[in-house]
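User: Please take a close look at the salt bridges of chain B in this model, and explain them in a way that a first-year student can follow.

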Amino acid sequence: MTAETAPAPQQDRPAAGDQGAGSGGTLKGRLQQFLAFGSLVVICVFFAIADPIFLSYGNITSILFATVVIGTLALGATFVIITGGIDLSVGTGMALCAVVSGVLITNMGLPIVVGVLGTLVFGALIGFVNGLNIAVLGLPPFIATLAMMLVAGGLALVISGSAPIYFDSTAYTDISTGSIIPGADFPNAVLIMAAVAVVAGVALSRTVLGRYTYAIGSNEEATALSGVNVRKWKIVIYTLAGLFIGLAGVLISARLGSAQPATGMGYELQAIAAVVIGGTSLSGGKGSIVGTVIGALIISVLNNGLQVLAVPQEWQNVILGTVIVVAVYADRARKRAAA
Amino acid sequence: MDATSQDTSDAPRGGAGERTLLSVEGVTKSFPGVRALDGMRLDLRHGEALALVGENGAGKSTLMKLLTGIHTPDTGSFFLDGEPLHVTGPRHAREQGIGIIHQEFNLMPDLTVAQNIFIGREPRKAGFMLDHRALNSRAQELIDRLALPLDPRRTVASLTVAQQQMVEIAKALSHDPRVLIMDEPTAALNDAEVRTLHQLIRRFLRPETGVVYISHRMEELTSLCDRVTVIRDGRYVETLRTDQVSTQEVIARMVGRELDAKAGPQNVRQDRETLLSVSGLSTKALLDDVTFELREGEILGFAGLMGAGRTEVARALVGADPVTSGTVTLRGRRLRITNPAHAARHGIGYLSEDRKQLGLLVEDGVDTNMALSSLKERFTSFGFVRDRAIRSRAEELVAALRIRTPSVGQTVKNLSGGNQQKVVIAKWLVKECDVLIFDEPTRGIDVGAKEEIYRLLNELAQQGKSLIVISSELPEVLRMAHRVLVMAEGRVTGELAAHEATQEQVMHYATLRPGAPTAPAAAHDSTRPRIPEAGK
């Protein structure tokens, strides 16, 4: 058996786009995204007809702005969920990271660049500990990250003394609210999330890390017996998800101008909802970044549109819950039909 | 059911009547794109065990699905005792007296034996309270009647595969079926366990009952069944008397061509260098001082009864299970292997007995599976995966190993067992491993494809790869290997040159008690040979 020959040019498949090995860049995978994208369009058209204000530039940017935090958390969660795991610590972890950012920048007076990098590293550390607990101690991901959710939520209150930490410098808040595009009034946070989503999409579909993410979710034991160091890669993947937690912490605190230690709870479930609506399977092995971005957009479009229509706040969650059921059921029905 | 304990004789012959118990007439069933069954016929007589053989994809499982009412036939009909039989679902099938034991167990591992047997019809007190005492005593009654070595209170997870198989059988027989259909019941059993199973089947056979016995292990058929029905490509081929036909003739009808019987190993020159030596390998659970050497280009067979520790040796060797002591030396260099990734890096690949659970990503493509073990070192540049390189390498291997797949992107679960096994082999060839450990390489693979796997393994050895082959099918080990190690209860109890080894000798060593002095290979006292010599 020789090592390798030149690729056969006539056998080219079209580029796999944002699909990874799991969904194989197949027609099926694309159809899923088309479905999710289609429902996003339908929802938008509905709101646009109900109230034309929905389509205004101001409203669209505010929808995108509202997607940033959930979207960033959901990007990291996509990797974890494709491995067949779950990360419940992203919400309070984000609050803790915001507090850490406040401590580094406001309390300790460190330069913003240092503070932001420190926060990202701290987020990665949260994920690293999750990874150790899961891959080395062998705890189920649900338990390990549930514990981290409590620990992070508690630490956020302890470190901040249960009081918000304010940022005085506009240079920090500009990370989220400023606009690097002159005169467009388009929030930087959206651009950051878009850039990060592209990186995450490439990482998931085109790199070794991505392939192993799908392989572990598809069949962890077979992957290990194939000679892949599954423990190491799980730690890497949870650490990566932690990096996203850190970034979300920076983005949310920059947007609010303060670190709110008690606000994280609940974001983890919204992030998971976005991932699931985007067609990623909770049992692992399948999913995509494009799907997650669409899922996150669907959630914020719904929230926004219902506000525009003056639907009472209480009803919005009822509708969101219903949408999750419909989205996941439609996905399953489609898979059953395809099988 | 009541008559089972006072069974008449151990012999299946003579008791079989001429009347038809179950008959299948002209059954056709099509699925989109495939005609799974085409004018299928079959007749099962009263009191007989009828063998049903055919390659994978010949239509056996479709026939079973029709008989359990999971699908309905397009045309044709079934008759039970001359009466038309219309089955609407698995439960209805049971009520009609048709019991089916599927190849893959339908047991709940965390429930007890008794709970599994009576699942869905638990004895109750006061209408809704479970009556545990009645449950266990009824299970015990059944187990006694069938003379099974089972404890109704044990959880199924704690049982061996053979015992789990017995639970399946007890469950099926508790419904008092008239026709029992068994799909590859011995795929995971060793020879001694197969004999126990056959005794059980003979006890079940009475003038008013019958068994359809589906198997890939040709040697078994003659000992259990009088007649064998051969099907191919969804069509009935022929029904033959097992005492008038040779195994080779049956196989030829199954595959529609003659097979080359002789694919045995060429001798390895004794001057070949020792590649791998394992010394004093022990684990907490089972293994005790396992020592052996493997030469370049050699096929080393591991024989032994179920639970003897053959798979455990493989898993310990590649670091999948922790070891308490022992050294592994590859080309004179001592290795410390603590996980399969280490082993793979040193060129030692393990091909598990459980392809679907441990060998493949069944939902992924042929190319993805082949690239998995060597993604990082062969198919990436700067961390990015080179899909085109993967694809072209996969295409080469599909051609070289004659893997039948429409494309390299094909989802592996859609391939036949033999082709799936080849994908696993290809995965390790991509890795360029020197030592390949095959655990039950032909389990669940039909006869024609088995021959191809044998030939492939032989070719690999010719190319200088060193192979360890673990198999519960003795004829397979004797035929494939240059040298055979026999294990019993976690120890190596004997070593034989394969071309001289007989099944009796192997069985002698396989049944040695640990600690007992190693007797010479004479072994007149050991288990009677039940299986005819391989390839005759």
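**Salt bridges in chain B**

Analyst: B:E298 is buried, with a relative accessible area of 2%. This residue is a good place to begin, with the caution that the model is a predicted one. The side chain of B:E298 meets that of B:R295 in a salt bridge, in which N and O are 3.6 Å apart. As a general matter, side chains of opposite charge can pair when their charged atoms come close.

A second pair is made by B:R443 and B:E353, whose closest N and O atoms lie 3.4 Å from each other. B:R443 sits in the loop between β21 (435-439) and α16 (447-462) of chain B, while B:E353 sits in the loop between β18 (348-351) and α11 (355-359) of chain B, so this salt bridge ties together parts that are 90 residues apart in sequence. B:E353 has a relative accessibility of 24% and therefore counts as partly exposed, because the buried class ends under 20% and the exposed class begins over 50%.

The third pair joins B:E451 to B:R479, and here the N to O distance of the salt bridge is 2.9 Å. Distant parts of the chain are again linked, since B:E451 belongs to helix α16 of chain B and B:R479 to helix α17 (residues 474-480) of chain B, with their positions 28 residues apart in sequence. B:E451 counts as buried at 8% relative accessibility, and B:R479 is buried too, with a relative accessible area of 17%.

Salt bridges may also share partners, and in this way B:R295, B:E298, B:R483 and B:E495 are joined into one network. Over all chains, the structure holds 29 salt bridges.

Chain B also takes part in salt bridges with chain A, where the count between the two chains is three. In one of these, A:K286 pairs with B:E363, and the closest N and O atoms are 3.8 Å apart. The contact in which this pair is found draws 34 residues from chain A and 45 residues from chain B, and the area buried between the two chains is about 3300 Å², with carbon and sulfur atoms giving 50% of that area.

For a view of the nonpolar surroundings within chain B, one can turn to B:F438, which is among the residues that touch the most other members of the largest nonpolar core, a set of 149 residues. Apart from its neighbours within four places in sequence, B:F438 is in contact with residues including B:L351, B:I425 and B:L457.

Methods. Residues are numbered from 1 along each chain as its sequence is written. Chains are lettered from A and ligands numbered from 1 in the order in which they are written. This is a predicted model: local features need pLDDT of at least 70, side-chain atom pairs count only at pLDDT 80 or more; totals for chains, interfaces and linings use all residues. Side-chain values use heavy atoms; hydrogens and water are left out. Contact means heavy atoms within 4.5 Å. Buried area is the accessible area (1.4 Å probe) that two parts lose on being put together, summed over both. A salt bridge is a side-chain nitrogen of Lys or Arg within 4 Å of a carboxyl oxygen of Asp or Glu. A nonpolar core is a set of buried Ala, Val, Leu, Ile, Met, Phe, Trp, Tyr and Cys residues joined through side-chain atoms within 4.5 Å. Buried means under 20% relative accessible area, exposed over 50%, partly exposed in between (1.4 Å probe, protein chains only). Helices (H or I, at least four residues) and strands (E, at least two) are DSSP runs, numbered from the N terminus.
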